[in-house]
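Visitor: Hi, I have a structure to go through. Can you walk me through it in plain words?
Guide: Sure, put it up and ask away.

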Number of protein chains: 2
Amino acid sequence: MKIRTMGSATNKGILSWFYISRTYHIQLKRYSQFLKTWSLTPSQYEVLVNIRESGRMSQKELAEKMFLTKGNITQLIIKMENEGYISREQEWKTKYIRLTEKGNQLLDRIRPEQVNYFSQQFQGLTKKEQKRLIKLLKKVNETQINQDNE
Amino acid sequence: MKIRTMGSATNKGILSWFYISRTYHIQLKRYSQFLKTWSLTPSQYEVLVNIRESGRMSQKELAEKMFLTKGNITQLIIKMENEGYISREQEWKTKYIRLTEKGNQLLDRIRPEQVNYFSQQFQGLTKKEQKRLIKLLKKVNETQINQDNE
DNA sequence: CGTTGTTAATTGAGTACTAAATTGATAGCA
DNA sequence: TGCTATCAATTTAGTACTCAATTAACAACG
């Protein structure tokens with residue numbers, strides 16, 4: 001597949017962004033399809049993973065970790081609470097979220113297949129290349145230029 | 001899908017995806033902010049770039065190139081036509097799009113600043129590292145596993 | 001002609017998100 | 001005991017997208 005989408009005055013920065021964005025879109029589309037087996041979206045699955053990691057966390061923390069707005073998290077969480085995957089308990093003005101038994105079981109079922117899924121998707125790269133890719137992306141993220149937030 | 005019990009945490013694949021996704025989200029947020037100066041979204045800007053490259057293209061071609069649905073393109077295009085950036089002419093059952101003078105001028109104004117913007121965003125990587133990153137991502141995209149589409 | 005098939009574009013209903021205003025819980029002070 | 005300030009969560013209105021069904025423009029064939 002020859003790709004020549006960027007025009008003449010191309011610089012490496014733009015090209016880097018172009019390929020990050022392209023890879024993301026292609027992978028996201030497939031990944032969504034993959035998760036449909038369990039009627040989950042990538043965001044919903046990410047919620048499960050994040051909560052398990054922390055054991056228990058506030059909605060605000062989750063929003064920050066996932067780079068989503070608090071409003072978005074509220075909606076997402078309510079849906080998943082209705083489906084019985086997570087539970088909430090208020091403490092002070094904060095609502096803490098944790099996985100229910102059902103949520104834990106779901107995650108346990110999906111996790112091994114997900115590991116397998118991604119190792120297939122990235123099989124074009126050797127382990128060493130994957131390591132290099134990760135390192136480079138990490139470096140991009142670390143070098144964030146100072147900007148106003150909120 | 002073949003299910004192969006994985007040994008320990010051979011989840012470099014997942015980690016690769018995690019960092020691609022994370023980098024994408026962080027950058028997208030900033031980039032959207034950047035493009036607000038001209039009241040454009042990343043998709044709208046991408047439309048301008050793609051049309052200029054081809055000179056003239058059908059909506060279907062554009063949809064495929066941008067990994068969006070035809071429906072989405074229709075909506076996007078109508079908005080940009082109303083704002084005077086692009087024009088359409090029907091020929092047979094196909095509608096061909098091209099940039100108007102106004103669209104060309106807008107692109108000319110934004111382009112140099114965009115080049116500058118991204119070279120700043122990726123300044124954490126040397127030219128050589130950026131080249132390597134691009135090469136790795138290209139490789140990921142090229143090694144797409146065959147899957148059903150539509 | 002008129003009917004059928006093909007395929008690009010459009011429409012419409014639904015999902016996932018954002019931004020900004022509002023609500024709710026509580027601390028701390030008069 | 002209220003009054004105000006703070007800050008997490010929620011609500012609301014709007015944007016960007018998807019998927020599936022429909023419409024529109026033609027070709028081709030009887």
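Visitor: What lies 3.0 Å from a polar side-chain atom of T69(A)?
Guide: A phosphate oxygen of DNA strand C. A polar contact is a pair of N or O atoms within 3.5 Å; within protein, one must be able to donate a hydrogen and the other to accept it, and residues adjacent in sequence count only if both atoms are side-chain atoms.

Visitor: Before we go on, what kind of model is this, and how do I read the labels?
Guide: This is a predicted model: local features need pLDDT of at least 70, side-chain atom pairs count only at pLDDT 80 or more, and totals for chains, interfaces and linings use all residues. Residues are numbered from 1 along each chain as its sequence is written, chains are lettered from A and ligands numbered from 1 in the order in which they are written, and side-chain values use heavy atoms, with hydrogens and water left out.

Visitor: Back to strand C. Which part of it is 3.0 Å from the side chain of N72(A)?
Guide: A sugar or linking oxygen of DNA strand C; the N72(A) partner is an N or O atom. From the other chain, R88(B) has a polar side-chain atom 3.1 Å from a phosphate oxygen of that strand.

Visitor: How many residues surround DNA strand C?
Guide: 21, and the closest are T41(A), S43(A), K79(A), K60(B) and K95(B). A residue is near a strand if one of its heavy atoms lies within 4 Å of it.

Visitor: Which element gives the most to that surface?
Guide: α4(B), with four residues. Helices (H or I, at least four residues) and strands (E, at least two) are DSSP runs, numbered from the N terminus.

Visitor: Now DNA strand D. Which residues come nearest?
Guide: K60(A), K95(A), T41(B), S43(B) and K79(B), out of 21 around DNA strand D.

Visitor: What share of the strand D atoms within 4 Å of the protein belongs to sugar or phosphate?
Guide: 74%, and the rest belong to bases. Q59(A) has a polar side-chain atom 2.9 Å from a phosphate oxygen of DNA strand D. For a base, look at Q75(A): an N or O atom in its side chain is 3.5 Å from a base oxygen of DNA strand D.

Visitor: Switching topic. How many residues of chain A are in contact with chain B?
Guide: 60, and they meet 61 residues of chain B. Contact means heavy atoms within 4.5 Å.

Visitor: What area do the two chains bury between them?
Guide: About 6,600 Å², with 67% of it on carbon and sulfur atoms. Buried area is the accessible area (1.4 Å probe) that two parts lose on being put together, summed over both. W17(A), Y24(A) and F67(A) supply 11% of the area that chain A buries against chain B, more than any other three residues.

Visitor: How many salt bridges are there between the chains?
Guide: Two. A salt bridge is a side-chain nitrogen of Lys or Arg within 4 Å of a carboxyl oxygen of Asp or Glu. E129(B) forms one with K139(A), where the closest N and O atoms are 2.7 Å apart.

Visitor: And which element gives the most to chain A's side?
Guide: α1(A), with 21 residues on the side that touches chain B.

Visitor: Last one. What turn lays chain A on chain B?
Guide: A turn of 180 degrees, with a shift of 0.1 Å along the axis and an RMSD of 0.1 Å. That is the relation of a two-fold axis. Copies are superposed by least squares on the C-alpha atoms of residues with pLDDT of at least 70 in both.
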